[in-house]
Amino acid sequence: MEFIPEDIQKYVEEHSGKESELLSKLDRETHQKVLMPRMLSGHLQGRVLSMVSHMMKPSRILEIGTYTGYSAICLAEGLAEGGKLITLDKNEEIEEMVRGYFEEAGLSDQIDYRIGNAMDLIPDIEGPFDLVFIDADKKNYLNYFNLVIEKVRIGGFIIADNVLWSGKVVQTEKKIDTDTQAILDFNRSMEEDDRVENVLLPIRDGLMVVRRKQ
């Protein structure tokens, strides 16, 4: 579902920073070879993530949900010198492809790519993190948030993708499926949690930007 007219979307992308040849290549290969290519962050969202990272200059980033590595590469572009990004995913089938792109991007030393169930991996990962990006299974969004919030430094950020869920979050007259309910619960919790402040940005499928304040 597109949230702004196609011509406006095209204009926005034409007047945002261009994606690199490597990211363009990764985009094409994802669409050609990998299931559910819509999961890819893509040009505009990728530039947004890169810009946020450049503004923050984070030393440590945690990403939950690597997919084919597009968002990890974008986030890593703004890492502080000597910074590290840890990215988690359970899909072993595309591991070789993803590691190949990290190497081609010259980021193998900066990106720590771990395969496994994030719910099992996160408790053993030490903080603090400056930035956490959540883009994995929707049913666990709140669980991921609760696992990482104390690992985020005061003033640090959590960004969650797909929080508009193709517009299903406002289609409440229809039967609400499990994933939609999980997103609704997550979005409401960000409003009610006194530890954070938040803003929901209607970029692509929705980005929830959360700052830990206490």
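Select K57 to begin: in this predicted model, K57 follows helix α3 and has a positive phi, near 50°. Stepping back along the chain, select α3 itself, residues 42–56, whose 15 residues reach 21 Å from the first C-alpha to the last, close to the 21 Å expected at 1.5 Å a residue. The helix is mostly covered, with 11 of its 15 residues buried; among the buried ones are L44, L49, V52 and M56, together with R47 and H43.

Now move to the loop between α2 (21–33) and α3, where M39 is found. Together with L35 and M36, M39 makes a nonpolar surface patch of about 360 Å². M39 counts as partly exposed because its relative accessibility is 38%, which falls between the limits of 20% for buried and 50% for exposed.

For the interior, select I73, L75, L85, F102, I111 and I159, which are the residues with the most contacts inside the largest nonpolar core, a set of 33 residues. The elements that give two or more residues to this core are α2, α3, α4 (70–76), α5 (95–104), β3 (111–115), β4 (129–134) and β7 (207–212), and the largest share, 6 residues, comes from α4. Centre next on I159, which, leaving aside its neighbours within four places in sequence, is in contact with L49 and V52, with L131, V132, F133 and I134, and with L207, M208 and V209. Apart from this core lies another, of 29 residues, including V163, L164, F186 and V210.

The last stop concerns charged side chains, for the structure holds 16 salt bridges. Select E150 and R195, whose side chains meet in one of them at 3.3 Å, N to O. This pair links distant parts of the chain, 45 residues apart, with E150 in the loop between α7 (141–148) and β5 (152–161) and R195 in the loop between α8 (178–192) and β6 (196–201). E150 is exposed, at 52% relative accessibility, whereas R195, with a relative accessible area of 24%, is partly exposed.

Keep R195 selected and add D193, since the side chains of these two residues also meet in a salt bridge, at 2.7 Å, N to O; D193 is buried, with a relative accessible area of 15%. Through shared partners, salt bridges join E150, D193, R195 and R212 into one network.

Finally, select R188 and E192, which both lie in helix α8, 4 residues apart, or about one turn of the helix. Their side chains meet in a salt bridge at 3.9 Å, N to O, in which E192 is exposed at 53% and R188 is partly exposed at 42% relative accessibility.

Definitions and conventions
Residues are numbered from 1 along each chain as its sequence is written. This is a predicted model: local features need pLDDT of at least 70, side-chain atom pairs count only at pLDDT 80 or more; totals for chains, interfaces and linings use all residues. Side-chain values use heavy atoms; hydrogens and water are left out. The expected span of a helix is 1.5 Å times one less than its number of residues. Buried means under 20% relative accessible area, exposed over 50%, partly exposed in between (1.4 Å probe, protein chains only). Patches are made of residues with over 30% relative accessible area and no salt bridge: like charges are joined within 9 Å, nonpolar side chains (Val, Leu, Ile, Met, Phe, Trp, Tyr) within 5 Å. Accessible areas come from the Shrake-Rupley method with a 1.4 Å probe; for residues, only the protein chains shown count as cover. A salt bridge is a side-chain nitrogen of Lys or Arg within 4 Å of a carboxyl oxygen of Asp or Glu. A nonpolar core is a set of buried Ala, Val, Leu, Ile, Met, Phe, Trp, Tyr and Cys residues joined through side-chain atoms within 4.5 Å. Contact means heavy atoms within 4.5 Å.
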